[in-house]
Amino acid sequence: MDISSSLLLFSLFLFAIIIIILNKINGLRSSSASKTKRIENVSTHSHGPRFPQGSLGWPILGETIEFVSSAYSDHPESFMDKRRLMYGRVFKSHIFGTATIVSTDADVNKAVLQSDSTAFVPFYPKTVRELMGKSSILLINGSLHRRFHGLVGSFLKSPLLKAQIVRDMHNFLLESMDLWSEDQPVLLQDVSKNVAFKVLAKALISVEKGEELEELKEEFEQFITGLMSLPINLPGTQLHRSLQAKKKMVKQVEKIIKGKVRRAKNKEEDGVIAKDVVDVLLKDPSENLTHNLIANNMIDMMIPGHDSVPVLITLAVKFLSDSPTALHFLTEENMELKSLKELTGEQLCWNDYLSLPFTQKVITETLRMGNVIIGVMRKAMRDIEIKGYVIPKGWCFLAYLRSVHLDKLYYDSPYKFNPWRWQERDMNTSSFSPFGGGQRLCPGLDLARLEASIFLHHLVTRFRWVAEEDTIINFPTVQMKNKLPIWIKRR
């Protein structure tokens, strides 16, 4: 290990220790221990529900240091694999200052994710909760969440928006790809991130170019940096800077909302057809959907445009670059579609992209192997029994999706990129949940597939390329170490 790697690892350990001490200063561990004792006393007999085995690790530190060091390794799930062999697929641990039940069992994960708010509620680290705010769609529960999620989900799945996404992706990709040079590498992760952010900003608040977009993007970069910062809100800290950035963005979105309301009142534009998510929410008669709540949530919903979609696209290109046979099949399929449309003189539409069978298999396999979302956290609101396990009230529950997606119990040769495995395999199973599940299933999952399909189509029909060697970093978010440089040749 070189000096820089040693310093990085030391910094990560120090970061973890500080977080835990801050979270534990009020004696949370003793409370968790009492809960453990209470549950074990209730359910220790061999034939009834059982409290998961495991270890709470060191006092105060728990098992966080080992979890973090594994997460930064080439085999992030090694922390889970080791304990799964010792304790089973569901076990107890203590990570990031919280007593946690960890599950690598597909059925248990599905049951928890499909539960309502009387059983489980979302749980996030303190920093994330502060940045999102109490009214975030990621944190709210009950009727308000169902209403908000339903309105947004319906719009994101609408043919109208999908048609707009196709036009926008086409224009943004042409604008970007026309500037690509054969004499220097293209940083594919940066390109996909830039395009995806533009698409999402237009779909959410109808901002697509100019100074307004650049200002929004600059503040958003500052905001999202704070998601993995220390939970200290003092001037000069990253959390403070991120909170200030979000305030500026909220003001910017609120200004956009006021403009929409004014134009609608003056009948300056068609108010019947919703052009973006803000339009959809403004049309709802509920008094709970205030302008401030809408503005705050538009910022939170930009996160997928910064991480999930670009990472999906980048990893698909990475895996295809390492699998010439899969790349050949995908290229042939997309070239055939392009030739057909040129012959008929028709424009490509959204269902053309989503109906490409092998392309969709590639995206599905990328989601399985890439694990853009490595896990989902919940908090138990009462003692819950699932598949013979008791999850105690007040404990955190971590559905570790990555372990399920890379488990040989569910997939043959799980570490091999094999899109053909989905020829006869059903995606609607508990062992495949790349976007979470239940009432909080990501409302933009169809758009993620669509954007990835469009990007891959334009890439393979316009270019041949060779990717430089690059490494996937899996923690704290999935990304390429060197942003996946590719050397392109135009067809």
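**Figure 1. The Arg-84 to Asp-81 salt bridge in helix H4.** Buried means under 20% relative accessible area. Arg-84 has a relative accessible area of 19%, so Arg-84 counts as buried. The model shown here and in the views below is predicted. Arg-84 pairs with Asp-81 in a salt bridge, and their closest N and O atoms are 3.1 Å apart. The two residues are three apart in helix H4, which means about one helical turn separates them.

**Figure 2. The Asp-168 to Lys-202 salt bridge.** The N to O distance between these side chains is 2.9 Å. Asp-168 belongs to helix H8, while Lys-202 belongs to helix H9 (residues 188–205). The pair therefore ties together parts that are 34 residues apart in sequence. Asp-168 and Lys-202 are both buried.

**Figure 3. The Lys-246 to Asp-300 salt bridge.** The closest N and O atoms of Lys-246 and Asp-300 are 2.9 Å apart. Lys-246 sits in helix H11 (residues 238–265), and Asp-300 sits in helix H13 (residues 291–300). Parts that are 54 residues apart in sequence are therefore tied together by this pair. Both partners, Lys-246 and Asp-300, are buried.

**Figure 4. A salt-bridge network of Glu-63, Glu-66, Lys-82 and Arg-83.** Shared partners link the salt bridges here. The result is one network joining Glu-63, Glu-66, Lys-82 and Arg-83. Across the structure, the count comes to 25 salt bridges.

**Figure 5. A patch of negative charge on the surface.** Which residues gather in this patch of negative charge? They are Glu-211, Glu-212, Glu-214, Glu-215 and Glu-218. Glu-214 is placed in helix H10 (residues 211–225). The relative accessible area of Glu-214 is 47%. Buried ends at 20% and exposed starts over 50%, so Glu-214 is partly exposed.

**Figure 6. A nonpolar surface patch with Leu-160.** Leu-160, Val-272 and Ile-273 make this patch. Its area is about 310 Å². Leu-160 lies in helix H8 (residues 159–177). Asp-168, shown in Figure 2, also lies in helix H8.

**Figure 7. Tyr-87 and Gly-54.** Along the chain, Tyr-87 and Gly-54 are 33 residues apart. Their C-alpha atoms are separated by 6.0 Å. Tyr-87 is found in helix H4 (residues 78–87). Is Tyr-87 buried or partly exposed? With a relative accessible area of 23%, Tyr-87 is partly exposed.

**Figure 8. Ile-303 and Leu-200.** These residues are 103 apart in sequence. In space, C-alpha to C-alpha, Ile-303 and Leu-200 are 9.5 Å apart. Ile-303 is part of helix H14 (residues 303–306). The relative accessibility of Ile-303 is 16%, so Ile-303 counts as buried.

**Figure 9. The cis peptide bond between Phe-475 and Pro-476.** Omega is about 5 degrees at this bond. Pro-476 falls in a loop. That loop runs between strand E10 (472–473) and strand E11 (479–480).

**Figure 10. Positive phi at Ile-60.** Ile-60 is not a glycine, yet its phi is positive, at about 70 degrees. The residue lies in the loop between helix H2 (28–42) and helix H3 (64–71). Ile-60 counts as partly exposed at 41% relative accessibility.

**Figure 11. Positive phi at Lys-387.** The phi of Lys-387 is near 55 degrees. This is a positive value in a residue other than glycine. Where does Lys-387 lie? Lys-387 lies in the loop between strand E6 (384–386) and strand E7 (389–391). With a relative accessible area of 48%, Lys-387 is partly exposed.

**Figure 12. Cys-349 and Cys-442 in a structure without disulfides.** How many disulfides does the structure hold? The count is zero. Cys-349 has a relative accessible area of 32% and is partly exposed. Cys-442 is also partly exposed, with a relative accessible area of 24%.

Notes:
Residues are numbered from 1 along each chain as its sequence is written. This is a predicted model: local features need pLDDT of at least 70, side-chain atom pairs count only at pLDDT 80 or more; totals for chains, interfaces and linings use all residues. Side-chain values use heavy atoms; hydrogens and water are left out. Patches are made of residues with over 30% relative accessible area and no salt bridge: like charges are joined within 9 Å, nonpolar side chains (Val, Leu, Ile, Met, Phe, Trp, Tyr) within 5 Å. Accessible areas come from the Shrake-Rupley method with a 1.4 Å probe; for residues, only the protein chains shown count as cover. A salt bridge is a side-chain nitrogen of Lys or Arg within 4 Å of a carboxyl oxygen of Asp or Glu. Lys and Arg count as positive and Asp and Glu as negative; His and the chain ends are not counted. The place of a charge is taken as NZ of Lys, CZ of Arg, CG of Asp or CD of Glu. Helices (H or I, at least four residues) and strands (E, at least two) are DSSP runs, numbered from the N terminus. Buried means under 20% relative accessible area, exposed over 50%, partly exposed in between (1.4 Å probe, protein chains only). A disulfide is a pair of cysteine sulfur atoms within 2.5 Å.
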